[in-house]
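This report describes how a ligand is held by a protein chain, and then turns to a few single residues. Please look over the sequence and the structure before reading on.

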Amino acid sequence: MVDLRTQCEFVILSAERLIAGFDCGDTDLNEFFNHEALHYKEQLLAQTGFFRHYETGEVVCAFSLSPNALKIADLPGSRRKKVREYIPREKSLQSYPAFLIGRFGVALTFRGQGIGAQLMDFIKIHCLITYPDFCRFLLIDAYNNSSVLNFYQKNNFSAVFSSEEQERDAYKMNVDEPLRTRYLFFDMIHWKNKSY
Ligand SMILES: CC(C)(COP(=O)(O)OP(=O)(O)OC[C@H]1O[C@@H](n2cnc3c(N)ncnc32)[C@H](O)[C@@H]1OP(=O)(O)O)[C@@H](O)C(=O)NCCC(=O)NCCS
């Protein structure tokens, strides 16, 4: 198993340090990491980071991150309560600072070896170190399939909307429209306080 901390170099994508030939098995994500990430950076839309294996030079995994907010008005009542559980003076805040993990992928050759979990832990630490005072939630629009959702659940993410029906309602979608993604959150306060 590859250990990201000792066997790989962490790189923030730039014009000088791009990703090429990355294949996580998903066409859209591959397209983003290999061809679009620099454009997102130049347009001030998202930062992309990746881990490159020291020995082989392969890109093992990659992610993108942008500032975001968890808006209380978007949440159903039960979730509002859950999200505000540990927050003092909750009535004064209409939204909470968050980071959106816009893209997240592990190269096919490294799948199922715990790299995704290592990368997720890295992102949490990265946010806490870089933005220690305002990174309350991590958000992700996760592919709505059981193995991907299982991955995020194992990494302590929860669904913002407790059912697909609620989520469709929030997006004003028809009942028969397929819900391609599920909106998930991770509360960083637990991570900071090491209560996971
Ligand atoms: C989902 C993904 C990031 C998981 O990374 P990983 O390094 O394989 O994950 P880990 O080894 O840390 O954890 C394995 C868990 O991930 C889940 N998983 C999801 N897709 C998987 C896949 N194709 N192969 C293996 N595990 C997968 C499984 O639930 C597995 O749990 P298990 O050990 O109980 O079977 C990776 O499979 C991937 O990049 N997939 C394609 C891109 C994608 O779907 N990204 C998410 C966008 S929302």
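## Polar contacts with the ligand

A polar contact is a pair of N or O atoms within 3.5 Å; within protein, one of the two must be able to donate a hydrogen and the other to accept it, and residues adjacent in sequence count only if both atoms are side-chain atoms. One such pair joins a backbone N or O atom of Ser147 to an oxygen atom of the ligand, at 3.4 Å. The ligand on its own exposes 850 Å², of which the protein buries 76%, where accessible areas come from the Shrake-Rupley method with a 1.4 Å probe and, for residues, only the protein chains shown count as cover.

Two further contacts also use the backbone: a N or O atom of Val106 lies 2.8 Å from an oxygen atom of the ligand, and a polar backbone atom of Gly116 is 2.8 Å from a ligand oxygen atom.

## About the model

The model is predicted, so that local features need pLDDT of at least 70 and side-chain atom pairs count only at pLDDT 80 or more, while totals for chains, interfaces and linings use all residues. Residues are numbered from 1 along each chain as its sequence is written, and side-chain values use heavy atoms, with hydrogens and water left out.

## The shell around the ligand

There are 20 residues around the ligand, and Arg111, Gly112, Gly114, Gly116 and Asn150 come nearest; a residue is near a molecule if one of its heavy atoms lies within 4 Å of it. By class, the shell has eleven nonpolar, seven polar and two charged residues, where Ala, Val, Leu, Ile, Met, Phe, Trp, Tyr, Cys and Pro count as nonpolar, Asp, Glu, Lys and Arg as charged, and the others, Gly among them, as polar.

At least two residues of this shell come from each of β4 (95–106), α4 (115–130), β5 (137–143) and α5 (146–154), and α5 gives the most, with six residues. Helices (H or I, at least four residues) and strands (E, at least two) are DSSP runs, numbered from the N terminus.

## Two residues with positive phi

Leu44, in the loop between α2 (27–42) and β2 (47–53), has a phi near 60°, a positive value in a residue other than glycine. Asn156, in the loop between α5 and β6 (158–159), likewise has a positive phi, near 65°.

Are these residues buried or exposed? Leu44 is exposed because its relative accessible area is 76%, and Asn156 is partly exposed, at 32%; buried means under 20%, exposed over 50% and partly exposed in between (1.4 Å probe, protein chains only).
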